[in-house]
Amino acid sequence: MKRISLTQYLVEEQRLHNSIPAELRLLIEVVARACKTISHAVSKGALGEVLGSAGSENVQGEVQKKLDVLSNEMLLEANEWGGHLAAMASEEMETIHPIPNRYPKGEYLLLFDPLDGSSNIDVNVSIGTIFSVLKAPEGMSEPTEEAFLQPGAKQVAAGYAVYGPQTVLVLTTGDGVNGFTLDREMGSWVLTHRDMEIPADTKEYAINASNARHWYPPVKRYVDELLAGKTGPRGKDFNTRWIASMVADVHRILTRGGIFMYPADAREPEKPGKLRLMYEANPMSFIVEQAGGAATNGKQRILDIQPKKLHERVAVFLGSKNEVERVTGYHNE
Ligand code: P6P
């Protein structure tokens, strides 16, 4: 089988769709290279003395793992000198990260969750990196947080790397979704999942069922119907999976369908959900929609949401279109 590398794919995409100018290709290749170094560090585990906590907290008030901090630094260092970015933002940093004056600035904004699913690091369960690319507003001299607050529909690229039995990079630049498996011997990303598609129907759902008593009625109704299976209104049995690593759950859905839900619930009524809009929900929603799926916050399309704050949270229902539309319909009744 002829192997197509990430670089060859990006060059051919540019020829076909004129959607990947040289600066964006450089950005994607630099992020992909950083994901290779993160994969290497993650796979060392205890041998690399990178497990455990860093003894600090992030802006979310979550304990940072050593690998969270390491991965964040790897992405910052890889991207700040290339001249393709105006600024960066990360789940692990309270404020935006401007490009140091000693380097040229570019026209793109890069947002990322450097290592999502950190609670799984120490127990050797798949984790991942999520990234989102926006264009900096025209004529912006010094980037501000406001420059980042664009609806997800404005993304020019989004992707994730899942560090599991294989390390796979999944990418969209607006013309479908493609996956690349890391060939560790050659150190190259090889196209292995061309034009990924999410089936419109599914028998598999992902939600943390331990929160069931806190769910609002539309979610309770939807999940109760799934639990009723063949004997209930859905007329078929369902299966459940919850990896507690969004990247791994989304990758399963891109590979074989399913619906992923992290709803708002009564535990903290003022909190719209757990997942972050800018660097978790938006990139994953762009990818899911490009693969023929759907993504809402229960009420509206996630990509249409106008962000108000860099680290704002959002409820997430994404995956197989017919299931996302059903549970969203229950919210809008
Ligand atoms: P819970 C990981 O911390 C994360 O942000 C997502 O990757 C994951 O889907 C979710 O939180 C898991 O949350 O409440 O089940 O631990």
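These legends go with several close-up views of a predicted model.

Because the model is predicted, local features need pLDDT of at least 70 and side-chain atom pairs count only at pLDDT 80 or more, while totals for chains, interfaces and linings use all residues. Residues are numbered from 1 along each chain as its sequence is written, and side-chain values use heavy atoms, with hydrogens and water left out.

**View 1. The two domains and their contact.** The domain assignment splits the protein into domain 1 (6–193) and domain 2 (204–332); such bounds come from an automatic or database domain assignment. Taken over C-alpha atoms, the centres of the two domains are 24 Å apart. Across the boundary, 48 residues of domain 1 touch 32 residues of domain 2 (contact means heavy atoms within 4.5 Å).

**View 2. S19 in the loop between α1 and α2.** The flanking helices here are α1 (6–17) and α2 (22–44); helices (H or I, at least four residues) and strands (E, at least two) are DSSP runs, numbered from the N terminus. S19 has 18% relative accessibility, so it counts as buried (buried is under 20% relative accessible area, exposed over 50%, partly exposed in between, with a 1.4 Å probe and protein chains only). Leaving out residues up to four places away in sequence, S19 touches E13, Q14, L24, T173 and D175. With D175 there is also a side-chain polar contact of 3.3 Å (a pair of N or O atoms within 3.5 Å; within protein, one must be able to donate a hydrogen and the other to accept it, and residues adjacent in sequence count only if both atoms are side-chain atoms).

**View 3. Two residues in the loop between β5 and β6.** S119 sits between β5 (108–116) and β6 (127–135), and at 55% relative accessibility it counts as exposed. The C-alpha atom of S119 is 9.6 Å from that of V63, 56 residues apart along the chain. N124 is in the β5–β6 loop too, and is exposed with a relative accessible area of 73%. Its backbone is worth a look: N124 isn't a glycine, yet has a positive phi of about 60°. Most residues other than glycine have a negative phi.

**View 4. D195, another non-glycine with a positive phi.** Here phi is about 50°. D195 lies in the loop between β10 (188–193) and β11 (204–206), and its 45% relative accessibility makes it partly exposed.
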